[in-house]
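This report describes the ligand sites of one protein model. The sequence and structure come first, followed by notes on each site.

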Amino acid sequence: MAQAPLFRLQCGVNSYEWGKKGSESAAARYAAATPSADLTIQADKPYAELWMGTHPSNPSKDLNTGRTLLDLCAENQSLLSEPVSARYGAKLPFLFKVLSVNKALSIQAHPNKKLAEQLHARDPKNYPDDNHKPEMAIAITPFEGLCGFRPLGEVAHFLETVKPLRTLVGEHEASQFIQAAKEQGGDEASKKKALQKAFGGLMSSSSDDIDREIASLVALAKSEGADFAAGGVPSTKGDVLVELVTRLHGQYGSDIGIFVLFFLNFVTLQPGEALFLVADDIHAYVSGDIIECMAASDNVVRAGLTPKFKDVSTLVDMLTYNYAPIDEQKMNPTEYPYATLNRTAYSSGSAVMLYDPPIEEFSVVRSLLRGEGAKATFDPLEGPSIVICTNGKGTIAVGEAKHDIEEGHIYFVGSAAELILESAVGQEEEFTTFKAFCEI
Ligand SMILES: NNC(=O)[C@@H](O)[C@H](O)[C@H](O)COP(=O)(O)O
Ligand SMILES: [Zn+2]
């Protein structure tokens, strides 16, 4: 019997050390929102990531039958659409997640396709996939993260004003870098080379040197306060740096990752703001709840702020060394043109916004429907979707099938289905959903 194009999913949650504890974790609350989930949230246990998709490490299931979404897609490739299944096989091209971040994640990057194949062949235990992992994060609550290298002038400023940093980078690499950073014009490749040398110098520090310089850094931050690092830079002032150094030191002790703060942009996102990271872009998320969508892969190359397997030389070698101001790291949503709002939705200021990164595997639509009866009707699309409700309640319908949906509920929507979302919240309240999809 053909599988209905709309069915509810039961999704699993991964407990990594950096996750929020107990019910503070949105990932835990959403996973537990499904009646059959055999999940009793433990107050002192960290719950980091809710996974929604067909990735074998934590495959989502059809709530009613208990069958995996992977099996159902394999048997009913029309759920994916012919172009998607022909290009990506009988599985979802994306992995959709909710992350609840209590402590900083690892200093990390995700390998491009070619490097992913090499790492997977060499070390399948630590690199379980042969696929790239470009990723997008959309803030559900206020979010902090380290994303991409700072403008070179900012790194030069820190090398000139934070002695423990300059010591670990090395005097020669530091002065070479500062000279390259200050050179007007100059070719991009040699600037990126100087950045790689300085960053590589930092990351190759001995543990004794790190212990010694961390102690000096924390003491300096405490004693200088807002004057730390000569007051910092416009994007990250001295007092913010003091708080971050102190917080990360409290979380990870003597860890090289704390010094990486001076090389990477410190980004804050308000709910609805987003950032996109291409493969090989360095980052480390610091706090907050986010929706995350990525190509279907779990390959992470780590170099600090983690008890997990680190592969520092691979990380230093693989990075893009792209550098840019914070605002160039953010991703601006646009109004989604393929959804029709009814009169109630229009009058209540509802919005359906598209986050569309420059890759094929996924896009995400965030729907904010305000007030009872606000409705969004989505044009059928040729490809699979997963919808999660992160706030409020309403109904989700495809054809004759109509179900209640509320915070934490997750549905799979098959290709070519005409999806309707309708709010059931009060006048001043919001019914919020995120829909990840692939359409070729
Ligand atoms: N930036 N976010 C991601 O890449 C997530 O999808 C990953 O699953 C986490 O980063 C994994 O981080 P750890 O390996 O636990 O340090
Ligand atoms: Zn990542």
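## Contacts of ligand 1

In this predicted model, Lys-308 places a polar side-chain atom 2.6 Å from an oxygen atom of ligand 1. Taken alone, ligand 1 exposes 400 Å², of which the protein buries 99%.

Two further side chains make polar contacts with ligand 1. For Ser-106, a polar side-chain atom and an oxygen atom of the ligand are 2.7 Å apart. For His-110, the distance from an N or O atom of the side chain to an oxygen atom of ligand 1 is 2.9 Å.

## Surroundings of ligand 1

Ligand 1 occupies the largest pocket. There are 17 residues around ligand 1, and those that come nearest are Glu-49, Lys-133, Glu-135, Arg-302 and Lys-308. Strand S15 supplies the largest share of this shell, with four residues.

## The zinc site

Which residues coordinate the zinc ion (ligand 2)? The donors are OE1 of Gln-108, NE2 of His-110, two OE atoms of Glu-135 and NE2 of His-283, at 2.1 to 2.8 Å. Their spacing along the sequence is Q-x1-H-x24-E-x147-H. Gln-108 belongs to strand S8 (residues 107–109) and His-283 to strand S15 (residues 283–295), so this pair ties together parts that lie 175 residues apart in sequence.

Are Gln-108 and His-283 buried or exposed? Both Gln-108 and His-283 are buried.

## Residues named at both sites

His-110 is a zinc donor through NE2, and its side chain also has an N or O atom 2.9 Å from an oxygen atom of ligand 1. Glu-135 likewise coordinates the zinc ion and is among the residues that come nearest to ligand 1.

Conventions
Residues numbered from 1 in each chain as written. Chains lettered and ligands numbered in written order. Predicted model: local features only at pLDDT ≥ 70, side-chain atom pairs only at ≥ 80, totals over all residues. Heavy atoms only, no water. Donors = N, O, S within 2.8 Å, 3.2 Å for Na, K, Ca; no water. Helix = DSSP H or I, 4+ residues; strand = E, 2+ residues; numbered from the N terminus. Buried < 20%, exposed > 50% of the residue type's maximum accessible area, 1.4 Å probe, protein only. Near = heavy atom within 4 Å. Polar contact = N/O pair within 3.5 Å; in protein donor to acceptor, adjacent residues only side chain to side chain. Areas by Shrake-Rupley, 256 points an atom, 1.4 Å probe, with all protein chains shown as cover. 1 Å grid on protein atoms, 1.4 Å probe; cavity = no way out; pocket = protein on both sides within 12 Å on 5 of 7 lines; lining within 4 Å. Sits in = over half its atoms within 2 Å of the grid points.
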